[in-house]
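Hi there,

Here is the structure I promised to pass on. Have a look at it first, and then read on for what turned up.

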Amino acid sequence: MKSWTLTIPAVPPSANVFMRWHWSRRHRLKSQWPVLVSYALARVAIPKARGKRRVRIVITRRRLIDPANLHLAVDKLLFDDLVSRGILLDDSARWLDYDVEQRVGGEECTTVEISNAITARRRL
């Protein structure tokens, strides 16, 4: 199975932080992430999606945050951009299977591994 790895030199904020910011600050961050993703994509050629994709995200930061707070910012900052680029067909469960993990230590970064999802074939 073919996979592609992107390393983004930033981490998304927790949902609690992201939703408490003023709308203009959220908008500013949402406009910065496509630039970071473009920089990461410049090193990797990912073809347009034709089916369901599997995405594994590893966020490395200085300390752990509540796991439930990871998903909102990842969805709004990363998945929406990947959908607009055609790397993902949609960010719904029908077209995307994803995991978000956290690690502590080292440089703060977001590692995104994208692969084509394996679908089980029915026997006739």
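A quick word on terms before the details: contact here means heavy atoms within 4.5 Å, and buried means under 20% relative accessible area. Please also keep in mind that this is a predicted model.

I spent my time on helix 3, so let me begin there. The helix has 15 residues, 70-84, and at 1.5 Å a residue these should span 21 Å; the end C-alpha atoms are 21 Å apart, so the two values agree. Helix 3 also has a kink of about 35°, centred on K76. Just after the helix, G86 adopts a positive phi of about 85°.

Which residues of helix 3 are buried? They are L70, A73, V74, L77, L78, F79, D81 and L82. The cover over these buried residues includes four strands' worth of ranges to look up in your viewer, namely strand 1 (3-8), strand 2 (53-61), strand 3 (96-104) and strand 4 (109-116). Helix 1 (15-20) and helix 2 (23-41) are also included in that cover.

One member of the buried set deserves its own paragraph. D81 is found in helix 3, and it counts as buried because its relative accessibility is 9%, with the cut-off set at under 20%. Leaving aside residues up to four places away in sequence, D81 touches P34 and V37.

Next, the internal space. How many cavities of 30 Å³ or more are there? The count comes to 1, and the largest cavity holds about 30 Å³ of space. Its lining is made up of P12, W33, I57, I59, A73, V74, L77, L78 and T110. Strand 2 and helix 3 are the elements that give two or more residues to this lining. Helix 3 gives the most, with 4 residues. Sorted by class, the lining of the largest cavity has 8 nonpolar residues, 1 polar residue and no charged ones.

Finally, the open side of things. The largest pocket has a volume of about 180 Å³. The residues that line the largest pocket are V11, P12, P13, S14, V17, R61, R62, R63, I65 and E108. By class, this pocket lining has 5 nonpolar, 1 polar and 4 charged residues. P12 is a residue to click on in both places, since P12 lines the largest cavity and also lines the largest pocket.

Happy browsing, and best wishes!

Methods. Residues numbered from 1 in each chain as written. Predicted model: local features only at pLDDT ≥ 70, side-chain atom pairs only at ≥ 80, totals over all residues. Heavy atoms only, no water. Expected span 1.5 Å × (residues − 1). Bend = angle between axes of the 7 residues up to and from the residue. Buried < 20%, exposed > 50% of the residue type's maximum accessible area, 1.4 Å probe, protein only. 1 Å grid on protein atoms, 1.4 Å probe; cavity = no way out; pocket = protein on both sides within 12 Å on 5 of 7 lines; lining within 4 Å. Points joined across faces, edges and corners; volume = space filled by probe spheres on them. Nonpolar A, V, L, I, M, F, W, Y, C, P; charged D, E, K, R; others polar.
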